[in-house]
Amino acid sequence: MSRRVSDNPEEMETDISRVASSRRHSENLPYVHKVGVPPKPNLLKEITETVKETFFHDDPLRHFKDQSKTKKLVLGIQAVFPILDWGRSYNLSKFKGDLIAGLTIASLCIPQDIGYARLTNLDPQYGLYSSFVPPLVYAFMGSSRDIAIGPVAVVSLLLGSMLQQELDPVKQKLEYQRLAFTATFFAGITQFVLGFFRLGFLIDFLSHAAIVGFMAGAAITISLQQLKGLLGIKKFTKETDIVSVMRSVFAASHHGWNWQTIVIGITFLAFLLVAKFIGKKNKKYFWVPAIAPLISVILSTLFVFIFHAEKDGVQIVKHIDRGINPPSVKEIYFSGEYLAKGFRIGAIAGLIALTEAAAIGRTFAALKDYQIDGNKEMVALGTMNIVGSMTSCYVATGSFSRSAVNYMAGCQTAVSNIIMSFVVLLTLELITPLFKYTPNAILASIIISAVIGLIDIDAMTLLYKIDKFDFVACMGAFLGVVFHSVEIGLLIAVAISFAKILLQVTRPRIAVLGKVPRTTVYRNIQQYPEATKVSGILIVRVDSAIYFSNSNYMRDRILRWLTDEEEQIKETNQQKIQCLIVEMSPVTDVDTSGIHALEDLFKSLQKRNVELVLANPGQMVLDKLHASGFPDMIGEDKIFLTVADAVMTCAPKMEP
């Protein structure tokens, strides 16, 4: 296109003056680095990278790269059975540590297992069965060196309360046991599938706050359930809520309490709590609370046997079947009306067991500074429960109390679980008849002393100080378990966890930025009160990805900020807002709805004669903006690398 050259000397002089002035002005401005246009993304590559980052972020196949077929086969077998890897460097020094740890946790697990089986409404031997086979399987397949496997109080209570809603554990004993094995089988299947398909991130949706509240509520519920054994009550409610339990306790106060049982229970509960206090006060005496339950069982059993206290109404265990686990494959419901019920109960119990084991494994791995593969752990836990369901076991997982003792006793590898299993084997084969006169009160005392540690007051206090919403989630789960049932408490915990996620996704934080004095840094004016707003410019930062769930809120919130600023400007006679800068560094992604919201924002700003400027959008965001043609709409020169660049470019236009 041609350009007319003026013949008028005055016009020529004016044009030259303007050009010279423009050059001087541009020369005075610092260099503004333009935001690069990313190359057009390859769809297949983008999908592949997304899937890889979601499911294979830890690059589990990195060890197989550039290896021969034989080496790959060996590595593959070692991946499934880690014991073949660390077992090559196993020595006598490590065995000494594992032997002491294994014997110590065995002394703790035997009385606990008998008590936990009662929580599940199963015969005592099933608790011992569940500490024999599953730990052996885990020792070969698990990657944690410190976790101790067996039944745990919370899962036992959850399983027992859900099973007895379907079948009566006394009148329908055989069917009840079969449903327990079926639930265990599907708990294992759930855990295995989550690990095999690398879906372990799903259990992270249950927030820490909800777990703290759920565990504390379960501890209260378990303790209340033990009042039956502690007070010698024969007729007791099947409900687990605090109101029903306390009503049942006080209803039996005139004729149902047994004073000999109360003396035994309270005395040994005090002994166990003192032992626990000693172990907590001085770590050198970790073995005191570890062997205290077994000592309590031995002493109380001798007392009942010598004085024949059972004749005075003291309830005793009476009989524990002798011998190792009988096969139970044929007892699992693979069809019929109980199949779906077993799957539902098993899936819930399996997820809770998985959450507890994952938390324990990570805790002790961090203490010893080694890594565990969460997905491999799930496969190991799932496999051991599948095998366990076929050998008369119910759901087993990592026990925090036993794992803590295992850690403090100096365990080196998973061999401590193998040692514990063999001690349980000897118990099943030789010692079970000696438990005949063990009073139920002592089992109740052991369970109460064990679950008290699940009530973490310090964690609740910290939640209240840090995040009030987390504290509400914690209390919601806690109250749901205590005042209704374990299932309702769990449901509340999950619901509140998801509610928090939805709230954060749908209502992202949007901050107004100001310039920090003597810098070119722009920060939230609420966090930095000394930061000053730029005259004629409104700078906002969106602290979230922009999706369909929050795009409308983002647009409306920014426009409201603009309206508020304009109202303040009218009152103070300041310069009108002519430029809106959106800092997009925290915006990790944007979808179609988000882009439409930005387009609507641009159109609304046009009507107000306000320019829209973007600062530092990420590569993925920029890819999608260019694909939609949004930069063409607002202008390629309206996208800057930093807020400072955007302000520097927009500010001269604000000059009167």
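1. A quick definition before the rest: a residue is called buried when its relative accessible area is under 20%, exposed when over 50%, and partly exposed in between. Cys-579 comes out at 0% relative accessibility, so it counts as buried. Bear in mind throughout that this is a predicted model.

2. Staying with Cys-579, have a look at its sulfur. The closest cysteine sulfur belongs to Cys-650, at 3.1 Å, which is too far for a bond. The cut-off behind that call is 2.5 Å between the two sulfur atoms. In fact, searching the whole structure turns up 0 disulfides. Cys-411 is likewise in no disulfide, and its nearest cysteine sulfur, in Cys-109, sits 15 Å away. With a relative accessibility of 1%, Cys-411 is another residue that counts as buried.

3. On the annotation side, UniProt has "domain: STAS" at residues 527–650, from an unreviewed entry. In the model, that span is 49% helix and 15% strand. The C-alpha atoms at the two ends of residues 527–650 are 25 Å apart.

4. Next, a helix pair that I'd pull up on screen. Helix H8 (residues 153–163) packs with helix H15 (residues 337–368) at an angle of about 170°, the axes being 10 Å apart. That angle makes the two helices roughly antiparallel. From H8, the contact draws on Val-154, Val-155, Leu-158, Leu-159, Met-162 and Leu-163. H15 brings Arg-344, Ile-345, Ile-348, Ala-349, Ile-352, Ala-353 and Glu-356. Sorted by class, the contact has 11 nonpolar residues, 2 charged and no polar ones.

5. How many residues of H8 are buried? The tally is 11 of 11, so the helix is mostly covered, going by the under-20% cut-off. The buried set includes contact-forming names from the previous point, among them Val-154 and Leu-158. Ser-156, Gly-160 and Ser-161 are also on the buried list.

6. Two backbone oddities are worth a glance. Arg-198 is not a glycine, yet it has a positive phi of about 55°. You'll find Arg-198 in the loop between helix H9 (173–196) and helix H10 (208–225). This arginine is buried, with a relative accessible area of 11%. His-308 is the other case: not a glycine either, with a positive phi of about 50°. His-308 sits in the loop between helix H14 (287–307) and H15. Is His-308 buried, exposed or partly exposed? Its relative accessible area is 33%, which puts His-308 in the partly exposed class.

7. Just before that loop, in helix H14, is Val-304. Val-304 has 0% relative accessibility and so counts as buried. What does Val-304 touch, once residues up to four places away in sequence are set aside? The partners are Ile-264, Ala-309, Glu-310, Val-314, Ile-316, Tyr-437 and Pro-439. For a sense of scale, the C-alpha atoms of Val-304 and Asn-616 are 77 Å apart, with their positions 312 residues apart along the chain.

8. Asn-524 belongs to strand S4 (residues 522–524). Its relative accessibility is 15%, so Asn-524 counts as buried. Apart from neighbours within four places in sequence, Asn-524 is in contact with Ala-511, Val-512, Leu-513 and Arg-541. Tyr-126 is 398 residues from Asn-524 along the chain, and their C-alpha atoms are separated by 60 Å.

9. Two more helix residues to finish. Thr-383, in helix H16 (residues 374–389), counts as buried at 17% relative accessibility. Ignoring residues up to four places away in sequence, Thr-383 touches Val-137, Met-141 and Phe-192. Asp-470 lies in helix H21 (residues 468–483). At 13% relative accessibility, Asp-470 counts as buried. Leaving out neighbours within four places in sequence, Asp-470 has contacts to Ala-209, Leu-463 and Lys-500.

Definitions and conventions. Residues are numbered from 1 along each chain as its sequence is written. This is a predicted model: local features need pLDDT of at least 70, side-chain atom pairs count only at pLDDT 80 or more; totals for chains, interfaces and linings use all residues. Side-chain values use heavy atoms; hydrogens and water are left out. Axes are lines fitted to C-alpha atoms, for helices over the stretch in contact, and angles run from 0 to 180 degrees between N-to-C directions. Helices (H or I, at least four residues) and strands (E, at least two) are DSSP runs, numbered from the N terminus. Angles under 35 degrees count as roughly parallel, over 145 as roughly antiparallel, 65 to 115 as roughly perpendicular and the rest as oblique. Contact means heavy atoms within 4.5 Å. Ala, Val, Leu, Ile, Met, Phe, Trp, Tyr, Cys and Pro count as nonpolar, Asp, Glu, Lys and Arg as charged, and the others, Gly among them, as polar. UniProt positions are given in the numbering used here, feature names are shortened, and annotations may be inferred rather than shown by experiment. Buried means under 20% relative accessible area, exposed over 50%, partly exposed in between (1.4 Å probe, protein chains only).
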